[in-house]
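Hi,

Here is the model I promised to pass on to you. Have a look at it first, and my notes on the surface and the hollow spaces follow below.

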Amino acid sequence: MKFLELKRYLDAKAAQYDHPDFIAGDPVSIPHRFSQLQDIEIAGLFAATLAWGNRTTIINKCLELLAMMDNAPYDYIRHHQPRERLQLMPFCHRTFNGLDLLYFIEYLQHYYTNVTSLEFAFSGHMSPEDETVEKGLIGFHKMFFALEHPERTRKHVSTPEKNSACKRLNMYLRWMVRKDKNGVDFGLWQHISPAQLVCPLDVHVARVATRLGLISENKSNWKTALALTERLREMDPEDPVKYDFALFGLGVVEKYV
């Protein structure tokens with residue numbers, strides 16, 4: 001498929017899936033339950049962290065977790081007592097368990113005691129001249145694990161330093177940063193540009209991107225995520241990750257192989 005033909009095809013697919021109808025069946029529906037910035041940030045972070053496996057199961061587990069926080073995550077994070085965290089211990093989704101959750105909650109309480117928005121945990125490590133969010137992801141990882149923490153929890157927060165594709169965090173950043181006229185992504189964060197975002201890359205997206213000739217190797221790692229994003233930036237320099245909708249829709253919904 002020639003470049004312009006491929007661009008027209010992916011533009012059409014992006015427009016098809018970047019639509020309000022997309023929200024209900026996707027983990028992005030979890031932060032969409034809220035209107036306050038911090039509620040959206042916290043619900044979004046957990047929804048992205050737990051976005052592993054069947055989407056219906058992910059949504060149900062997120063709803064279970066929100067109920068444990070009285071469906072008011074920011075209020076819970078700020079005002080709960082450390083001993084109350086023990087009530088969260090029974091929570092589990094795949095390999096993310098109560099011990100991991102307790103550390104996430106502890107870190108978020110520590111963070112929001114000092115800072116108003118989770119944006120700065122990423123943007124504080126970046127500059128407008130940075131081509132991508134790589135420094136932001138690395139800085140967030142280091143900051144997140146600055147407190148005493150269970151070693152096992154590290155596997156739930158990825159970093160480019162380990163050549164991870166950082167799929168879930170890149171998806172979270174897409175939600176928070178991308179200015180979306182269709183209302184799927186929130187566009188609430190102002191200090192990171194949509195042009196700096198990196199396309200969330202998992203096995204489905206990598207397979208579709210390889211079949212379309214956008215990447216040469218069907219691998220889910222940071223190097224490949226950057227290579228894919230660079231190709232997508234050729235199609236739309238200001239909003240390359242809008243094509244995440246197209247690649248995801250082709251891979252997961254249409255089973256494009």
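Let me start at the surface, where Leu86, Met89 and Leu99 make a nonpolar patch of about 280 Å². A patch here takes residues with over 30% relative accessible area and no salt bridge, joining nonpolar side chains (Val, Leu, Ile, Met, Phe, Trp, Tyr) within 5 Å and like charges within 9 Å. A salt bridge is a side-chain nitrogen of Lys or Arg within 4 Å of a carboxyl oxygen of Asp or Glu. Areas come from the Shrake-Rupley method with a 1.4 Å probe, and for residues only the protein chains shown count as cover.

Before going on, a word on the source: this is a predicted model, in which local features need pLDDT of at least 70 and side-chain atom pairs count only at pLDDT 80 or more, while totals for chains, interfaces and linings use all residues. Residues are numbered from 1 along each chain as its sequence is written, and side-chain values use heavy atoms, with hydrogens and water left out.

Back to the patch: Leu99 lies in helix α5 (residues 98-114). Its relative accessible area is 39%, so Leu99 is partly exposed (buried is under 20%, exposed over 50%, partly exposed in between). Leu4, in helix α1 (residues 3-17), counts as exposed because its relative accessibility is 54%. From Leu4 to Thr153 the C-alpha distance is 44 Å, with their positions 149 residues apart in sequence.

Now the hollow spaces. The largest pocket holds about 680 Å³ (on a 1 Å grid over the protein atoms alone, a pocket is an open set with protein on both sides within 12 Å along at least five of seven lines; a cavity is a set of points where a 1.4 Å probe fits but cannot get out; lining residues have an atom within 4 Å of a point). Of its 35 lining residues, Ala51, Trp52, Lys167, Arg168 and Asp202 are the closest to the centre. Helix α8 gives the largest share of that lining, 5 residues. By class, the pocket lining has 21 nonpolar, 7 polar and 7 charged residues.

There is also 1 cavity of 30 Å³ or more, and the largest cavity has a volume of about 40 Å³. Its lining includes Ile30, Phe46, Cys62 and Met69. Helix α2 supplies the largest share of the cavity lining, 4 residues. That lining has 10 nonpolar residues, no polar and no charged ones.

Best wishes

Definitions and conventions. Points joined across faces, edges and corners; volume = space filled by probe spheres on them. Helix = DSSP H or I, 4+ residues; strand = E, 2+ residues; numbered from the N terminus. Nonpolar A, V, L, I, M, F, W, Y, C, P; charged D, E, K, R; others polar. Buried < 20%, exposed > 50% of the residue type's maximum accessible area, 1.4 Å probe, protein only.
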